[in-house]
Amino acid sequence: MKILVIGSGGREHAIIRRLAADRPAPELHAAPGNPGIAQLATCHDVAVADLAGLVLLADELRPDLVVIGPEAPLVAGAADRLREAGHTVFGPSAEAAHLEGSKSWAKEIMAAAGVPTAASVTVTAPEQLGAGLDRVNPLGDVPFVVKADGLAAGKGVVVTPARDVAVAHAEAVLASGGQVVLEEYLDGPEVSLFCVSDGTRVLPLAPAQDFKRALDGDEGPNTGGMGAYSPLPWAPEGLVREVVTAVAQPTIDELAARGIPFSGILYCGLALTSRGLRVVEFNARFGDPETQVVLERLASPFAPLLLAAARGDLSAVDAPEWVEGAAVTVVVASAGYPVSAQIGDPITGIEEAERLGAHVIHAGTALDADGVLVSAGGRVLTVVGAGADLTAARELALAGARAIELEGSHHRGDIALAAAEGSVSA
């Protein structure tokens with residue numbers, strides 16, 4: 001099988017790494033890829049935003065499957081363009097990907113499907129902010145939740161106890177021409193669950209939990225994600241089944257009823273609140289860095305699962321199977337992240353991290369003119385550790401992260417700590 005993966009980040013490296021582990025291994029290509037991906041796949045210098053170029057590349061390669069990793073090309077219609085050219089694509093259409101492209105539209109779909117989620121107000125002008133905040137947080141006794149309505153690479157959300165901070169973020173989004181979604185605060189731990197859909201059926205993957213704040217103790221600003229782990233030993237029995245029944249399948253059914261079949265990954269971001277399961281957000285693709293730990297635990301073949309969904313028939317494959325044990329990933333971020341990203345600094349220590357038993361996923365890396373590996377983004381690497389339990393997996397991931405040498409870089413030291421200690425409860 002020949003597979004083309006579109007994207008250049010940690011998610012795509014993790015996808016390609018897991019595809020390469022299938023037996024027989026597929027022939028792998030990536031556009032544009034990164035230095036880590038280039039060790040496993042043939043990389044082609046075509047940007048993810050160049051939809052015409054991606055179609056031309058697929059026409060040249062004639063892959064059996066095209067996998068689209070990032071959200072931006074999905075929302076822009078990359079899957080539509082490739083399907084129109086006759087290619088088999090894993091990834092939703094632009095219309096279906098609007099589920100991630102617009103939080104307010106996602107709320108409409110959830111309401112129609114009867115999916116439990118946070119109460120919300122969509123605001124289009126600054127003068128509406130005061131009344132909107134009062135509606136979703138009338139007592140002001142819990143944090144305010146303010147979300148940019150469109151794509152924001154995981155960083156368009158502010159959760160703050162300070163009303164003036166919430167207002168300032170909302171005003172900044174509105175000033176840039178966007179809309180704002182104000183939501184009620186959801187208590188309880190968060191869970192990420194990827195569901196593979198063929199437009200009709202749903203197959204869930206293993207749940208994971210990620211860490212959005214930049215610093216230990218969930219301090220600091222929101223990021224695209226600083227680490228993740230799987231499985232969740234504290235999760236209620238039957239959680240995955242409940243998510244499929246109450247969230248994923250009704251959403252897929254509602255979209256299908258509207259003539260918008262969703263084929264690809266439906267990412268369900270969830271909160272297990274004191275009042276029950278609630279949806280925090282939907283995404284239309286694999287999440288990063290949860291993909292790294294979920295795919296690390298996948299025991300059954302990966303390519304046939306994606307291909308069956310892309311062909312519209314998940315009944316052709318068995319439900320995914322999972323290895324025993326746990327996986328933890330720790331993000332090594334560049335100096336200044338997430339406010340800024342220091343790029344162009346040399347990276348060493350990857351060989352040492354892998355000698356310790358971890359494996360290193362490239363997220364924001366590049367080769368300079370001399371062929372030296374350098375930082376090229378905010379989240380530079382994710383270091384994955386696998387072990388018999390969360391304690392062993394996190395120790396390995398942290399040892400690998402400490403082995404990485406990158407000027408000014410930082411990583412969290414508490415990823416999966418509470419779960420490993422048994423101090424998380426649903």
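## A walk through sheets, helices and cavities

Start by selecting helix H10, residues 290-297: H10 lies across S12, S15, strand S18 (326-333), S19 and strand S22 (379-387), and runs at about 150° to S18. Keep in mind as you click around that this is a predicted model.

**Stop 1: the sheet under H10**

Now colour the strands that H10 crosses. They belong to an open sheet of 5 strands, in the order S12-S15-S18-S22-S19, with antiparallel pairing. Which strands stand at the edges? Strand S12 (209-210) and strand S19 (359-362) do; each has a single partner strand, so one side of each has no neighbour in the sheet.

Zoom in on the S12 end. Here S12 pairs with strand S15 (residues 227-230) over 2 bridges, in the antiparallel sense. Show side chains and you'll find Asp 210 standing opposite Ala 228 in S15.

Next, add helix H13, residues 390-403. H13 lies across S15, S18 and S22, and its angle to S18 is about 25°.

**Stop 2: the largest cavity**

Time to look for empty space. A search of the whole structure turns up 2 cavities of 30 Å³ or more. The largest cavity holds about 70 Å³ of space.

To find the largest cavity, select its lining: Ala 14, Arg 17, Arg 18, Thr 291, Gln 292, Leu 295, Glu 296, His 359, Ile 361 and Val 384. Which element gives the most to this lining? H10, your starting helix, does, with 4 residues. Helix H1 (10-20), H10 and S19 each supply at least two of the lining residues, so highlight those three together. Colour the lining by class and you get 4 nonpolar, 3 polar and 3 charged residues.

**Stop 3: the second largest cavity**

Move on to the second largest cavity, with a volume of about 50 Å³. Select Val 67, Ile 68, Gly 69, Leu 74, Phe 90, Gly 91, Pro 92, Gly 264, Ile 265, Ala 284, Arg 285 and Phe 286, which line the second largest cavity. Strand S4 (65-68) and strand S16 (263-273) each bring at least two residues to this lining. How does this lining divide by class? There are 8 nonpolar, 3 polar and 1 charged residues.

**Stop 4: the sheet that holds S16**

Stay with S16 and show its partners. S16 sits in an open sheet of 4 strands, ordered S11-S10-S16-S17, and the pairing is antiparallel. At the edges you'll see strand S11 (202-204) and strand S17 (276-283); each has a single partner strand, so one side of each is left without a neighbour in the sheet. Rotate the view to look at the twist, which averages 35° from one strand to the next.

Between S16 and S17, which run antiparallel, there are 7 bridges. Click on Tyr 267 and look across: Tyr 267 stands opposite Asn 283 in S17.

**Stop 5: a pair of helices**

Last, select helix H5 (residues 94-101) and helix H6 (residues 103-113). They pack at an angle of about 105°, and their axes are 6 Å apart. Are they roughly parallel or roughly perpendicular? With that angle, H5 is roughly perpendicular to H6.

Show the side where they touch. From H5 come Glu 95, Ala 96, His 98, Leu 99 and Gly 101, meeting Lys 103, Trp 105, Ala 106 and Ile 109 in H6. By class, this contact has 5 nonpolar, 2 polar and 2 charged residues.

Terms used:
Residues numbered from 1 in each chain as written. Predicted model: local features only at pLDDT ≥ 70, side-chain atom pairs only at ≥ 80, totals over all residues. Heavy atoms only, no water. Pairing = 2+ DSSP bridges. Contact = heavy atoms within 4.5 Å. Axes fitted to C-alpha atoms, helices over the stretch in contact; angles between N-to-C directions. 1 Å grid on protein atoms, 1.4 Å probe; cavity = no way out; pocket = protein on both sides within 12 Å on 5 of 7 lines; lining within 4 Å. Points joined across faces, edges and corners; volume = space filled by probe spheres on them. Nonpolar A, V, L, I, M, F, W, Y, C, P; charged D, E, K, R; others polar. Parallel < 35°, antiparallel > 145°, perpendicular 65-115°, else oblique.
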